[in-house]
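Here are a few notes on the internal cavities, for when you have the model open. Have a look and see whether you read them as I do.

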Amino acid sequence: MAPPRNVVKIAVQMRDAIPQLIQLDQARPLGAVLKELCDAWSLAHPERYALQFADGHRRYITENNRNEIKNGSILCLSTAPELEAERLLGGLQSGSREGRREALRHLAQLAPDMTFAQEVISRDGLQRLGTIIEDGDDLGEMLSLALKAFLQLMEHGVVSWETLSIPFVKKVVGYVNMNLMDPSVQPLSLRLLESVTLSSPALSQLVKSEVPLDRLLVHLQVMNQQLQTKAMALLTAILQGASFAERKHMLDYLWQRNLRQFIYKNIIHSASPLGDEMAHHLYVLQALTLGLLEPRMWTPLDLSSQEQRDQLQALRQAAFEPEGESPGTGLNVERRRSLGAREFRKLGFSDSNPEQDLLRVPPGLLALDNMLYFSRHAPSAYSRVSDGFVLENSSREDKHECPFARSSIQLTVLLCELLRVGEPCSETAQDFSPMFFGQDHSFHELFCVSIQLLNKTWKEMRATQEDFDKVMQVVREQLARTLALKPSSLELFRTKVNALTYGEVLRLRQTERLHQEGTLAPPILELREKLKPELMGLIRQQRLLRLCEGTLFRKISSRRRQGYKLWFCCLSPNHKMLNFGDVEEGTSPPAPESLPEQVPVADIRALLTGKDCPHVREKGSGKQNKDLYELAFSVSYEHGEEEAYLNFIAPSKREFHLWTDGLSALLGSPMGSEQTRLDLEQLLTMETKLRLLELENVPIPEQPPPIPPPPTNFNFCYDCSIAEP
């Protein structure tokens with residue numbers, strides 16, 4: 001019979017005694033359980049004992065946490081927490097150095113337990129530990145154990161950090177600023193000061209004034225990962241508690257002292273793996289640094305600011321100066337103003353007055369900063385003179401120009417959203433970007449790469465102004481996917497994001513959609529493979545029917561210009577003849593039997609496409625001929641003893657695919673057009689969904705269930721041929 005659900009089988013140990021195996025009834029009071037255990041070991045005064053978990057931090061078991069005891073747990077019988085706290089605190093007053101060290105070691109070991117911590121705190125344990133830390137008689141293991149126990153007791157939140165005295169905090173600061181110190185003391189001192197800085201505004205000012213930034217830089221440059229982590233933790237805590245002006249001043253100073261380069265080379269690319277805590281602090285440092293951009297992001301253009309107007313003019317002149325505004329051209333004021341307005345429109349502003357576009361917040365002046373940075377640090381990619389972004393788009397007349405200013409403004413908003421500029425730091429996040437520490441002005445450098453990516457994607461999509469939002473959605477996906485890969489440098493980011501073309505984004509979207517629908521599970525893929533032959537036969541039948549219907553083709557050969565511009569071709573109903581002949585424009589397609597010329601399908605040797613066709617082989621390489629190649633196909637056939645050609649120019653890409661597929665099917669060749677691939681995918685998707693309709697919301701396993709082994713005999717089978725008696 002199974003034991004009741006509230007009864008667990010456990011083992012209880014005690015030093016120098018045989019362990020007891022008992023069934024613990026969770027409904028019984030712990031006092032009764034302790035009395036029973038003490039009676040079994042012949043121990044008097046059961047109130048002086050308590051149960052602890054035998055592993056981990058040896059936490060005391062109380063009525064609040066006893067539900068954590070599971071079947072098979074191992075407990076130990078030990079001294080009650082109040083008596084243990086009294087004993088250890090008394091040991092701190094021992095005249096023996098070894099006795100004090102042993103008391104501190106046990107105190108640090110038990111301090112994480114809340115029950116024990118409350119007993120120590122209620123007996124002024126924090127004050128006694130604080131005295132040891134302030135006296136500093138021993139700067140080695142004793143001080144390290146005292147700091148560790150003090151920290152663990154404070155982290156329970158029973159006592160506020162604001163209750164610490166100024167002399168105590170200054171003493172801990174002194175340990176941080178010392179040169180010769182036990183390697184375990186300074187990480188604990190830094191950790192204590194970090195908690196003080198984050199929890200007490202008054203004491204945080206003391207820490208900020210007493211701990212020089214140069215001292216933290218020294219700790220960061222020591223090849224001790226624990227010390228580096230705690231120094232970075234205190235640094236980010238100080239930065240978080242500083243005002244915006246103080247934070248900017250401190251970060252500028254740290255960057256001047258090459259902190260960024262050191263983090264990039266010696267922490268991020270260290271031989272030892274980056275810990276979770278350091279990753280979090282690097283994320284905080286990145287967020288605080290990017291947060292310096294927030295005021296510019298929320299500041300609109302000031303129409304009365306001469307400096308900002310000069311910046312706009314500098315942006316325009318960097319792109320269009322050689323067009324006629326250089327000194328000595330003799331342009332009057334009105335002509336100069338008209339030229340400037342036209343050039344601002346060419347730059348991609350919505351109006352000749354660019355101030356209106358920059359009144360929007362966000363991105364405010366941050367967009368102008370990005371555009372100026374791009375024009376100054378990547379002039380060849382920007383200017384009209386050097387065949388850059390502006391020249392490429394301002395000279396287009398096919399409505400496919402990419403507006404630089406509008407794109408820059410929207411791209412700045414997008415980057416602020418992806419990098420969470422101005423958002424408060426998360427307490428647990430670790431998703432910093434290694435390339436952020438790879439160069440100065442990382443946000444502006446990222447913009448320079450992104451604006452060129454946007455122009456590239458715009459061309460790949462053959463976008464117009466109406467497609468602007470669609471392009472931005474694709475660019476957002478390109479940037480987000482690449483940032484998620486955490487490239488280690490800006491150059492690697494540039495390589496990866498440029499490899500993520502518009503076509504690749506579409507392919508990834510399709511793959512993810514199929515994964516979400518479960519169509520890439522092995523059983524589904526197997527079903528699709530079984531359906532393919534049947535569906536390919538259906539596509540083949542449709543292609544041949546289309547050939548039987550026939551198509552009007554435009555003629556390009558000079559031999560057939562006797563008043564006709566079109567000719568008609570179709571497949572006979574029995575699929576044995578290609579019938580064709582000239583027709584007049586505007587007339588309905590003729591019946592197959594009325595067409596004067598025929599080519600037997602049996603005489604067809606090959607199907608040629610593109611530049612292999614004889615009627616386009618001699619053409620040039622112009623744009624019109626390139627379009628011609630994409631629509632041209634020919635059929636070579638036996639005409640007596642010679643080889644003849646029937647040449648086609650399809651009216652559309654779809655007709656090209658249908659006819660080449662149909663002719664390939666007649667010749668027994670595979671139908672490999674893009675249209676066939678699309679049709680097959682659509683049919684497979686529809687047919688698969690129909691077959692799986694009854695399995696909707698039913699999880700399909702990736703592997704089939706195992707086939708059970710055959711029975712040892714088949715005596716259970718019934719042989720119908722044997723007549724019953």
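How do the residues lining the second largest cavity divide into nonpolar, polar and charged?

1. To take that one straight away: in this predicted model, the lining of the second largest cavity has 2 nonpolar, 4 polar and 1 charged residues. The residues concerned are Thr 197, Ser 204, Gln 205, Lys 208, Ile 238, Gly 241 and Ala 242. The space inside comes to about 40 Å³.

2. As for where that lining comes from, helix H9 (201–210) and helix H11 (225–241) each put in at least two residues. H9 gives the most, with 3.

3. Stepping back, the structure has 2 cavities of 30 Å³ or more. The largest cavity holds about 110 Å³ of space.

4. Now for the walls of the largest cavity. Its lining takes in Gln 286, Leu 290, Leu 419, Ser 433, Met 435 and Phe 436, along with Gln 439, Ser 442, Phe 443, Leu 446, Leu 483 and Leu 490. Two or more of the lining residues come from each of helix H14 (276–290) and helix H22 (442–460), and H22 is the top contributor with 3 residues.

5. On chemistry, the lining of the largest cavity splits into 8 nonpolar and 4 polar residues, with no charged ones. The second largest cavity, by contrast, does have 1 charged residue in its lining.

Note on methods: Residues numbered from 1 in each chain as written. Predicted model: local features only at pLDDT ≥ 70, side-chain atom pairs only at ≥ 80, totals over all residues. Heavy atoms only, no water. 1 Å grid on protein atoms, 1.4 Å probe; cavity = no way out; pocket = protein on both sides within 12 Å on 5 of 7 lines; lining within 4 Å. Points joined across faces, edges and corners; volume = space filled by probe spheres on them. Helix = DSSP H or I, 4+ residues; strand = E, 2+ residues; numbered from the N terminus. Nonpolar A, V, L, I, M, F, W, Y, C, P; charged D, E, K, R; others polar.
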